[in-house]
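Open the model in your viewer and keep the selection panel at hand. This tour goes from one selection to the next.

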Amino acid sequence: MGLVREIGATFAAFIHALGSMAIFLGRLIMYTPAGLLRFRLVVQQVHNAGALSLVIIMLSGFFVGLVLGLQGFDLLARFNSENVLGGATALALIKELGPVVTALLFAGRAGTALASEIGLMKATDQLSAMEMMAVDPMKRVVLPRFLGGVIAMPLLVAIFTAIGIFGAWVVGVALMGVDPGVFWSQMQSLVSMDDVREGIFKSIVFGVAASLVAVYEGYTAWPTAEGVGRATTRTVVITAVSVLILDYMITAALL
Amino acid sequence: MTLAAPEGNLIELRGVRFRRGAFRVFDGLDMTIPKGKVTAVMGPSGTGKTTLLRLITGQLKPDAGSVRVGDYEVPELGLGRLYEMRRQMGMLFQNGALLTDFTVFDNVAFPLREHTRLPERLIRHIVLTKLHAVGLRGAATLFPGELSGGMNRRVALARAIVMDPDILIYDEPFVGLDPISMGVIVRLIRRLNDALGLTSIVVSHDVNELEQVADHSYLLAEGRVVAAGAHRELMEEDSPLVRQFMHGEADGPVAYHFPAPEYGEDLLGRGQERR
Ligand SMILES: Nc1ncnc2c1ncn2[C@@H]1O[C@H](COP(=O)(O)OP(=O)(O)O)[C@@H](O)[C@H]1O
Ligand SMILES: [Mg+2]
């Protein structure tokens, strides 16, 4: 009985959080046209979010590519079809691993930084001070960071995917001796424009989700040191779960 | 619309009620703030001094009653009009609330850059003038993290006056300062008020510092004004509550002891079952 009640309460809290996040997103979207007019603020945040995550995304992309190359080669060799290694790894990276892993890394690096930055500004009255200076912190602080994350994510996904494919090439062609011409031509014939579109679509959706969760958690954090700590933890957990759920829903819908 | 009301009361609160959950912070509060003066609002911690300021600035809305600032009826303002009103107010937060990743200069320039299209040369002139007024022109390139608590508050003060407000509000400006910084802030409050023709509200529980700046004082307790008048009159008033607060007596109408079972019984362990 206790478990059922707990699940019920968790579910109710989840729906409630989802609702207030949706309202928050609505406000951000309403402000977006005005926010884009001050594009310098947004560019600064793209740079922030991008620069924070770039190194770990390149490094992780490379190693994910290496592992994909190894596992893919091992699996395909059992069917004597090592030749499709290039196409198979590219598909996995473009449609799934690129967007998903990038979003998870983004949440851990840039998302936590965003949440704690905004939470600390709140805890130290910087946001109240802005309101008193007749500056709306939603427009001046939250919106540029949200848009920066939304723009940065597809770029980071592209970098992750490209480096991942390079990693698979290193294993497949340089180490295992797959013919380079076949590696690339198989990739070209196997990957369709629809696959690429799916990857781009996912990276945009995940970018919105990850950035929204980070700025929402920061902005609604309890204004104490402990509250800011909780907000960063929640950012990682909520982003990870929602990205995986969204990934399933998008994949199922597009199939 | 402006705050350029005629002489008299610039801010008027009438029958203000405000509650936090079941707790009544204000239950019929009346208060007037005269134009051009420094008004002190005193009271023990938790009586609602900060809440009062947030009601005046429109960050909170009263459950009932009227809050008038100049021509504005604050609780009825939409966000646009509220921001219009706040542009004519400056507020000093307890810890300065400077933007941590901006330099001192950029912090003070922030309201100008947000609200005006002044050329950078003019902004520089205004900002350095205001920083000079608080004695920190030399700190323009430092970041807030490199300043002491007192300096932080002075920079915040420069920022609060950079748009030439009509009203300046200080929330606990003396807390946590060393005696020298405290003296500096006390003199700044007086000097800025008179030189710039401001109306100042100083919220604090530092009776001695307020004595040097306040033209007029209010003492809040239990959700209402318990005493009002010139600071010296309050010092001499002999209602027990006012005396306890103004002279810092430990026990009085505001009890020193948190409610507890009878002492003797408690020591003998008979109060235990109630815990
Ligand atoms: N955000 C809040 N939520 C609930 N109660 C609050 C909040 N802020 C203040 N209070 C309560 O309202 C009362 C007045 O608080 P405040 O105005 O901060 O007092 P003061 O500034 O005089 O110390 C206190 O009892 C405080 O506990
Ligand atoms: Mg307070």
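Start with salt bridges between domain 1 of chain B and domain 2 of chain B: the count is zero. The model is predicted. Polar contacts come next, and between domain 1 of chain B and domain 2 of chain B there are zero residue pairs of that kind with both at pLDDT 80 or more.

Now select the side of domain 1 of chain B that touches domain 2 of chain B. By class, this side has seven nonpolar, three polar and no charged residues. Strand 9 (216-221) and strand 10 (224-229) of chain B each supply at least two of its residues.

Colour the two domains. The assignment for chain B puts domain 1 at 9-231 and domain 2 at 238-275. Ten residues from domain 1 of chain B and four residues from domain 2 of chain B make the contact. Their C-alpha centres, domain to domain in chain B, are 34 Å apart.

Switch on the surface. About 650 Å² is buried between domain 1 of chain B and domain 2 of chain B, and carbon and sulfur atoms give 88% of that area. Pick B:Pro44, B:Val207 and B:Leu219: in domain 1 of chain B they lose the most area to domain 2 of chain B, together 52% of what that side buries.

Move to ligand 1. Which residues are around ligand 1? Select B:Arg20, B:Phe23, B:Val25, B:Ser45, B:Gly46, B:Thr47, B:Gly48, B:Lys49, B:Thr50 and B:Thr51.

Check three distances to oxygen atoms of the ligand:

- B:Thr50: a polar side-chain atom lies 2.8 Å from an oxygen atom of ligand 1.
- B:Gly48: a polar backbone atom is 3.0 Å from an oxygen atom of ligand 1.
- B:Thr47: a polar backbone atom is 3.4 Å from an oxygen atom of ligand 1.

Note on methods. Residues numbered from 1 in each chain as written. Chains lettered and ligands numbered in written order. Predicted model: local features only at pLDDT ≥ 70, side-chain atom pairs only at ≥ 80, totals over all residues. Heavy atoms only, no water. Domains from an automatic or database assignment. Contact = heavy atoms within 4.5 Å. Buried area = accessible area lost by both parts, 1.4 Å probe. Salt bridge = Lys/Arg side-chain N within 4 Å of Asp/Glu carboxyl O. Polar contact = N/O pair within 3.5 Å; in protein donor to acceptor, adjacent residues only side chain to side chain. Helix = DSSP H or I, 4+ residues; strand = E, 2+ residues; numbered from the N terminus. Nonpolar A, V, L, I, M, F, W, Y, C, P; charged D, E, K, R; others polar. Near = heavy atom within 4 Å.
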